[in-house]
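Good morning, and thank you for the time. I would like to talk about the spaces inside one protein and what occupies them.

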Amino acid sequence: ERRLVLVLGDQLSPDIAALRAADPARDRVLMAEVEDEARYAWHHRKKLVLVFAAMRHFAERLRRAGWTVDYVRLDDADNSGSLTGELARAAAHHAPSEVLLTEPGEWRLATAFDGLQGALAVPLRRLEDDRFLCARADFAAWARGRKRLRMEDFYREMRRRTGLLMDGDGPAGGRWNFDAENRKPPKAGLSPPGPARFDPDPATRAVIDMVGARFPDGFGDLEPFWFAVTATQAEAALDRFLGEALPRFGDYQDAMLRDEPFLFHAVIAAYLNIGLLDPMAVCRRAEAAYREGRAPLNAVEGFVRQILGWREYVRGIYWLKMPGYRDRNELGHDRPLPAFYWSGETEMACMAAAIGQTRREAYAHHIQRLMVTGNFALLAGIAPQAVHGWYLAVYADAFEWVELPNTLGMSQYADGGLLSSKPYIAGGNYINRMSDYCRHCRYDVKAREGADACPFGVLYWDFLARHRQRLDGNPRLAQPYRTWDRMDPDRRDAIRDTAARFLARLDGRG
Ligand code: DLZ
Ligand code: SF4
């Protein structure tokens with residue numbers, strides 16, 4: 001009666017459902033590094049190292065705890081190259097009575113295992129991934145019968161359901177949301193602590209060497225590699241954030257500085273997403289910092305909302321709307337992704353900073369993603385599926401369940417307003433207010449037209465004009481359309497002409 005337990009590369013939690021259902025004294029664990037997973041996106045090489053190194057350390061941890069672990073390495077000679085292939089091979093070899101699998105996080109893999117279900121000689125039992133705070137069925141029940149699936153409504157429900165940051169029946173501090181206090185521009189002399197960094201041990205070094213050798217043309221810098229690869233390290237990274245950065249996390253949540261890629265952000269999403277940290281435990285620790293007077297409520301509430309609210313909400317949307325969601329393209333955008341998204345070689349200082357940092361660190365914070373790289377893609381009319389492919393590849397924390405709704409819905413408005421009530425667009429003024437990028441830029445953020453005009457400003461108006469038919473009725477865009485209409489017609493022509501020239505150059509036509 002020996003069972004086989006498959007643990008995937010983003011399921012690195014000792015109490016994941018399939019391990020809880022198994023017995024270390026009798027059952028066998030299977031983990032496999034495979035080409036299919038390494039290549040379904042053009043993953044950043046630091047993301048590959050993170051996943052493989054964390055997998056190897058986790059396998060060792062399980063062995064120390066008494067489990068028998070079969071671990072297949074990427075360069076093992078008989079590696080079949082896919083997770084379903086490795087599972088079928090191990091099932092044939094060991095003839096277990098049953099295979100246990102915690103439900104995969106992505107549609108792509110879930111359907112691959114659906115296909116395997118009948119083909120295996122043994123039963124495959126799939127268990128819900130209960131590391132999430134809102135079960136898929138609970139999200140579906142919440143969504144049923146609602147006209148609008150608003151994150152804010154979901155979040156309040158989750159606060160009530162979990163009791164996080166609640167005083168009796170009401171929200172701590174008397175308000176659910178303190179975002180209005182979380183939009184300070186950066187100022188000189190901020191000295192953020194930066195995330196905890198860890199020196200690679202020999203096991204991680206071996207993975208760095210393997211990834212360097214097998215993915216010579218892979219995206220992104222391989223070194224210095226400093227991510228946490230064990231739960232203990234991830235806890236230390238969380239400790240450092242809670243102690244040193246959380247107090248000012250709220251104030252500067254939306255700020256951007258060219259030489260401070262991390263500011264006061266936690267940089268723990270990747271650890272949460274592969275299972276090194278537990279979302280509920282993280283929220284509780286942040287709440288304790290507030291209760292004990294170590295961090296202000298605006299910071300703690302903003303942080304908890306990302307994990308308890310937004311992260312759970314986008315996962316709920318993903319499973320509710322897949323598989324159709326991936327193909328949505330409400331605005332009919334079809335421009336290819338410019339090559340500088342990969343190279344970082346552009347004269348736009350904000351884009352060069354966000355992309356350069358992404359190449360180095362496999363990280364950018366939410367405003368860099370939403371208001372710089374995402375905003376530009378939306379304004380320029382880039383195909384949302386191409387934008388999706390980029391975000392899925394370049395960030396260490398990117399898994400489709402979280403990345404896709406963020407990209408297609410929140411950032412590119414490709415779902416027609418399911419996630420956000422208006423397209424997230426902004427001209428250069430927003431970027432100028434929230435960053436120090438513009439003063440390093442060859443474009444003039446104040447110029448509205450001509451060769452030096454900031455492309456964001458020009459494309460902003462061009463976007464509104466191009467999509468007038470579809471967006472005119474949106475009350476949240478009434479003000480910009482009024483401004484556009486009041487502009488001198490010659491000026492409107494000059495702006496659109498500048499936009500046309502810029503887009504032609506972008507396409508390699510000018
Ligand atoms: C992301 C990833 C990578 C790069 N490699 C592996 C792997 O070799 N083996 C594995 O089990 N999992 C890997 N993963 C994580 C899976 O792709 C992940 O389970 C899915 O993205 C579902 O969320
Ligand atoms: Fe970006 Fe425009 Fe500012 Fe240059 S001027 S950094 S392109 S917003």
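I will go through the two ligands, the spaces around them, one open pocket, and a few points along the backbone.

Please keep in mind throughout that this is a predicted model. As general background, rolling a probe the size of a water molecule over the atoms shows where empty space is left.

Let me begin with the cavities. Five cavities of 30 Å³ or more are counted in this protein. The largest cavity holds about 330 Å³ of space. Its lining is made of 23 residues, and those nearest its centre are Gly 9, Glu 37, Tyr 40, Val 51 and Phe 399. Helix H2, which covers residues 35–39, gives two or more residues to that lining, as do H3 and H5. Which element gives the most to the lining of the largest cavity? That element is H3, with five residues. Sorted by class, the lining of the largest cavity has 14 nonpolar, three polar and six charged residues.

What sits in the largest cavity? The occupant is ligand 1. Around ligand 1 there are 19 residues, and the nearest are Gly 9, Asp 10, Ala 32, Val 34 and Glu 37. You will recognise Gly 9 and Glu 37 from the cavity lining, where both are among the residues nearest the centre.

Now to the polar contacts of ligand 1. A polar backbone atom of Val 34 lies 2.9 Å from an oxygen atom of ligand 1. From the side chain of Glu 106, an N or O atom is 3.2 Å from an oxygen atom of the ligand. Tyr 40 also takes part through its side chain, with a polar atom 3.4 Å from an oxygen atom of ligand 1. How much of ligand 1 does the protein bury? On its own, ligand 1 exposes 490 Å², and the protein buries 100% of that area.

The shell around ligand 1 can also be described by its helices. Helix H3, residues 45–64, and helix H5, residues 107–117, each supply at least two residues. H3 gives the most to this shell, with four residues. The shell divides by class into 11 nonpolar, three polar and five charged residues.

Let us turn to the second ligand. Ligand 2 takes up the space of the second largest cavity. Three elements give two or more residues to its shell: helix H14 at 349–361, helix H18 at 428–434 and helix H19 at 455–466. In total, 13 residues surround ligand 2, the closest being Cys 350, Cys 438, Cys 441, Val 445 and Cys 454. How many charged residues does the shell around ligand 2 have? There are no charged residues in it; 12 are nonpolar and one is polar.

The volume of this second largest cavity is about 100 Å³. It is lined by 13 residues, with Cys 350, Cys 438, Cys 441, Cys 454 and Phe 456 closest to its centre. H14, H18 and H19 each give two or more residues to this lining. The classes in the lining are 12 nonpolar, one polar and no charged residues.

Next, an open space. The second largest pocket has a volume of about 350 Å³. Of its 30 lining residues, Ser 13, Arg 131, Gly 275, Leu 277 and Asp 278 lie nearest the centre. Helix H9 (231–249), helix H10 (269–274) and helix H11 (279–291) are the elements that give two or more residues to the lining. H11 gives the most, with four residues. This lining contains 13 nonpolar, five polar and 12 charged residues.

Finally, the backbone. Where are the cis peptide bonds that I wish to show you? One joins Glu 223 and Pro 224, with omega about 0°. Pro 224 belongs to the loop between helix H8 (202–214) and H9. Another joins Met 322 and Pro 323, with omega about 5°. Pro 323 is placed in the loop between helix H12 (297–321) and helix H13 (340–343).

My last residue is Ala 95, a residue other than glycine with a positive phi, near 45°. Ala 95 is located in the loop between helix H4 (83–94) and strand E4 (98–102).

To close, please look once more at the two ligands: ligand 1 sits in the largest cavity, and ligand 2 takes the space of the second largest. Thank you for your attention.

Terms used. Residues numbered from 1 in each chain as written. Chains lettered and ligands numbered in written order. Predicted model: local features only at pLDDT ≥ 70, side-chain atom pairs only at ≥ 80, totals over all residues. Heavy atoms only, no water. Near = heavy atom within 4 Å. Polar contact = N/O pair within 3.5 Å; in protein donor to acceptor, adjacent residues only side chain to side chain. Areas by Shrake-Rupley, 256 points an atom, 1.4 Å probe, with all protein chains shown as cover. 1 Å grid on protein atoms, 1.4 Å probe; cavity = no way out; pocket = protein on both sides within 12 Å on 5 of 7 lines; lining within 4 Å. Sits in = over half its atoms within 2 Å of the grid points. Nonpolar A, V, L, I, M, F, W, Y, C, P; charged D, E, K, R; others polar. Points joined across faces, edges and corners; volume = space filled by probe spheres on them.
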